[in-house]
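The following exercises are to be worked with the sequence and the coordinates at hand. Each task is followed by a solution in steps.

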Amino acid sequence: MPSPAPAVPAPSGIRKIVAASLIGTTVEWYDFFLYGSAAALVFNKLFFPAADPLTGTLIAFVTYAIGFLARPLGGVVFGHFGDKVGRKSLLVVSLLMMGGATFAMGLLPTYASIGIAAPILLTVLRLVQGFALGGEWGGAVLIVSEHGGARHRGFWASWPQSGAPGGNLLATGVLAVLAAVQSDAAFLAWGWRIPFLLSGVLVIVGLWIRLTVSESPVFLAAQARARAEAARGAREKAPVVEVLRHSPRQVLTAIGTRFGENISYYVLTSFLLVYVTTHLGLPKSTALNAVLIGSVVHFATIPAWGALSDRIGRRPVTLIGSVGTALWAFAFFALVDSRSFAVITVAVTIGLLLHGAMYGPQAAFISEMFDTEVRYSGASLGSQLASIVAGALAPIIAVELLKEHGSSVPVSFYLCAAALVTTITVALARETRGRDLAVRSSGSGAGGTAAGSTTT
């Protein structure tokens, strides 16, 4: 007998849940992006000194990528327990892990003080960051997706997505303020530590808010169903195994959906800092302020893209972003090469606006691909595997292309190709808008997901 559909919370309830997820994801992305900005501006000098500035930056970005390597492992571990224990508890753990690692980075001695131990310790803390973030994304978007109804799921679930530009906005804003009030020497000597130590305060705020939200009613219903099945003698199965057995297509679709989105974001933000300061020889404040302004627009428009996906579907909105990014890849660097702050800001803002069209519907799109019993594992596995092949390598590949060719043209082709991967993936995917997350997909087996089981 099917379980009764869980009640959709009142608007005030869903707003509280969205606020808790948004604040938490903002704090976690602040921590994660702070490392990327520091890798481009500081770590290449303090932890990975090299004669060639681009070489030092490249090495710093390698440790930046290492954080991505830990994300799928975090997704599997957090996904397993999130599907067994609940979304809320795992979100608290991920926030504590991320904040603790970031705060510790602010206390690290540099290469000049302790030699090779400095970059080793930095790399270990980066692994902890990646592991925590691997579990954060799935839980944050699912607890919102599963609380809300199908009609406005794209809108509500897109708010935790705004935590990414929100965190980047916060990280870039703090760095921009420090760059404005400090000399380069003071910032390099001690000023860079301030944003990392601020993470401790932000985590306390995020933790307090997250502890006030309730567990997902959809998950609680699935948990009760699992207990009843276990009482009848059903064998308990690992969620990640069930995902790989029953839903490989959905996992691959999630990877392809995130591919162009992931690469474009890190090229438009992290790599831009390197390109503007090292290749164009402009002050770091030029790039930081351009990203700052672009992130404000990005933050505000992601929910609008999510809301549009509730009206016309997840696929059409995502395709607007991926096709637009493929075309904008060439105009972007041409505008940045103008060396005009206003023009660079326009280039970044339009790029992030198009990125938002891919990113806004993504939370609902990927959540709707999987059944409740395996949703945390499936969503985390697909999204975090994409982070290895896409986001982790994006700054490294972009820097290497720039170093090898001395031109932005190969980077534009790289960005365009990544966006086309997402375009093809989404064009071949099934629409998921309108799915009832409380209902198992037909033919899904013990918690798997059958393709083509959603309604529109």
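## Exercise 1: A surface tyrosine

Classify tyrosine 111 by its exposure and place it in its surroundings.

*Solution.* Tyrosine 111 has a relative accessible area of 37%, so it is partly exposed in this model, which is a predicted one. In the secondary structure, the residue belongs to helix H4, which covers residues 111-114. On the surface, Tyr111 joins Ile116, Ile120 and Val124 in a nonpolar patch. Together these residues present about 380 Å² of accessible area.

## Exercise 2: Overall architecture

Describe the secondary structure of the protein and its extent along the principal axes.

*Solution.* The protein contains 19 helices and zero strands. Its radius of gyration is 21 Å, close to the 23 Å that the globule rule gives for 456 residues; the protein is therefore as compact as a globular protein of that length. The C-alpha trace spans about 70 × 45 × 40 Å along the principal axes.

Next, consider burial and contacts. Of the 456 residues, 60% are buried. Among contacts between residues at least 6 apart in sequence, 85% join residues at least 24 apart. The protein exposes about 16,000 Å², of which carbon and sulfur atoms supply 71%.

## Exercise 3: The nonpolar interior

Determine which residues have the most contacts inside the largest nonpolar core.

*Solution.* The largest nonpolar core comprises 104 residues, and those with the most contacts inside it are Phe43, Phe47, Ile263, Val267, Phe271, Phe332 and Val336. Helix H12 (residues 248-279) contributes the largest share of this core, 15 residues.

Valine 336 can then be examined individually. With neighbours within four places in sequence left aside, valine 336 is in contact with Leu272, Tyr275, Val276, Leu280, Ile344 and Ala347. A second, separate core has eleven residues, among them Ile14, Leu91, Trp156 and Val213.

## Exercise 4: A glycine in a loop

Locate glycine 149 and state how far its C-alpha atom is from that of glycine 434.

*Solution.* Glycine 149 sits in the loop between helix H5 (117-147) and helix H6 (153-161). Its relative accessible area is 24%, so glycine 149 is partly exposed. Although glycine 149 and glycine 434 are 285 residues apart along the chain, their C-alpha atoms are separated by 8.9 Å.

## Exercise 5: Salt bridges

Count the salt bridges and analyse the pairs formed by arginines 87, 314 and 435.

*Solution.* The count is ten salt bridges.

1. Arginine 87 pairs with aspartate 83, and the closest N and O atoms are 3.1 Å apart. Both arginine 87 and aspartate 83 are buried. Asp83 and Arg87 also take part in a network of salt bridges with Glu146 and Arg375.
2. Arginine 314 and aspartate 310 form a salt bridge at 2.9 Å, N to O. Arginine 314 has a relative accessible area of 0% and is therefore buried. Aspartate 310, at 11% relative accessibility, also counts as buried, because the cut-off is under 20%.
3. Arginine 435 and aspartate 371 form a salt bridge whose closest N and O atoms lie 2.3 Å apart. This pair links distant parts of the chain, 64 residues apart. Arginine 435 is in the segment after helix H19 (409-428), and aspartate 371 is in the loop between helix H16 (362-367) and helix H17 (375-389). Arginine 435 is buried, with a relative accessible area of 3%, and aspartate 371 is buried at 1%.

Notes:
Residues numbered from 1 in each chain as written. Predicted model: local features only at pLDDT ≥ 70, side-chain atom pairs only at ≥ 80, totals over all residues. Heavy atoms only, no water. Patch = residues over 30% accessible without salt bridge, like charges linked within 9 Å, V, L, I, M, F, W, Y side chains within 5 Å. Areas by Shrake-Rupley, 256 points an atom, 1.4 Å probe, with all protein chains shown as cover. Salt bridge = Lys/Arg side-chain N within 4 Å of Asp/Glu carboxyl O. Helix = DSSP H or I, 4+ residues; strand = E, 2+ residues; numbered from the N terminus. Buried < 20%, exposed > 50% of the residue type's maximum accessible area, 1.4 Å probe, protein only. Rg over C-alpha atoms; globule rule 2.2 N^0.38 Å. Contact = heavy atoms within 4.5 Å. Core = buried A, V, L, I, M, F, W, Y, C linked by side-chain atoms within 4.5 Å.
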